[in-house]
Amino acid sequence: MTIEETISALDIVEHMESFSVLYEPGGPMNQTTVGKLKEACRMAISILRARTDPPPNDPLTLEQLRERDGEPVWVEARVALKTEWCIVKYDHQMKRIRFWSADGGWYDSYDYGGRIIAYRRRPEEEPI
């Protein structure tokens, strides 16, 4: 079910005039519970509409990497046959981007797009 389909379904429930099929007077689904259900639908619709789609997880460009100086990226280092989280750091002396790994090693961007590729998140991860 897509977000839009979910919103449509919740909208129908929120605007139902009668919930007689869901409860009997004095039963577990009383008028107070129905009011809470409608409020929950309104809140869920509001949250879903406010949700923004995350940016695509295409390989980052060198310009995007420069903008992420000091931030983590997911690196596929084909030269080392490794994939790992690294911190992007622009090396002003070398005029290149370096990817620093947790073990203190680093990858140079001289062959970026060939043997080194970086992403916002792991490619198989689904955004929340």
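Student: Why is the pair R98 and D91 called a salt bridge?

Tutor: A salt bridge requires a side-chain nitrogen of Lys or Arg within 4 Å of a carboxyl oxygen of Asp or Glu. The side chains of R98 and D91 meet at 3.1 Å, N to O, so the pair qualifies under that definition. This is a predicted model: local features need pLDDT of at least 70 and side-chain atom pairs count only at pLDDT 80 or more, while totals for chains, interfaces and linings use all residues. Residues are numbered from 1 along each chain as its sequence is written, and side-chain values use heavy atoms, with hydrogens and water left out.

Student: What makes R98 buried or exposed?

Tutor: Buried means under 20% relative accessible area, exposed over 50%, and partly exposed in between (1.4 Å probe, protein chains only). R98 has 12% relative accessibility, so R98 counts as buried. D91 is buried as well.

Student: How do you know that D108 and R98 meet in a salt bridge?

Tutor: Their side chains are 3.6 Å apart, N to O, which means the cut-off is met. This pair links distant parts of the chain, with D108 in strand β4 and R98 in strand β3, 10 residues apart. Salt bridges that share partners join D91, R96, R98 and D108 into one network.

Student: What makes D108 count as buried?

Tutor: D108 has a relative accessible area of 9%, so the residue is called buried.

Student: Why is the pairing of D108 and R96 called a polar contact?

Tutor: A polar contact is a pair of N or O atoms within 3.5 Å; within protein, one must be able to donate a hydrogen and the other to accept it, and residues adjacent in sequence count only if both atoms are side-chain atoms. The side chains of D108 and R96 are 3.2 Å apart and make such a contact. The D108 side chain also reaches the backbone nitrogen of Y110 at 3.0 Å.

Student: How do you know that D69 forms a salt bridge with K89?

Tutor: The closest N and O atoms of D69 and K89 are 3.8 Å apart. D69 is in the loop between α3 (62–67) and β1, and K89 is in strand β2, 20 residues away. D69 has a relative accessible area of 34%, so D69 is partly exposed. K89 is at 40%, so K89 is partly exposed too.

Student: What makes K95 notable in its backbone, and where is K95 placed?

Tutor: Phi of K95 is near 60°, a positive value in a residue other than glycine. K95 lies in the loop between β2 and β3. Its relative accessibility is 62%, so K95 counts as exposed.

Student: Which residues touch the most other members of the largest nonpolar core, and why is it called a core?

Tutor: A nonpolar core is a set of buried Ala, Val, Leu, Ile, Met, Phe, Trp, Tyr and Cys residues joined through side-chain atoms within 4.5 Å. The largest one has 16 residues, of which L65, V73, V75, F99 and Y112 touch the most other members. Two or more residues come from each of β1 (72–77), β2 (82–91), β3 (96–101) and β5 (116–119).

Student: Why is W100 called partly exposed?

Tutor: W100 is at 34% relative accessibility, so W100 falls in the partly exposed class. W100 sits in strand β3.

Conventions
Helix = DSSP H or I, 4+ residues; strand = E, 2+ residues; numbered from the N terminus.
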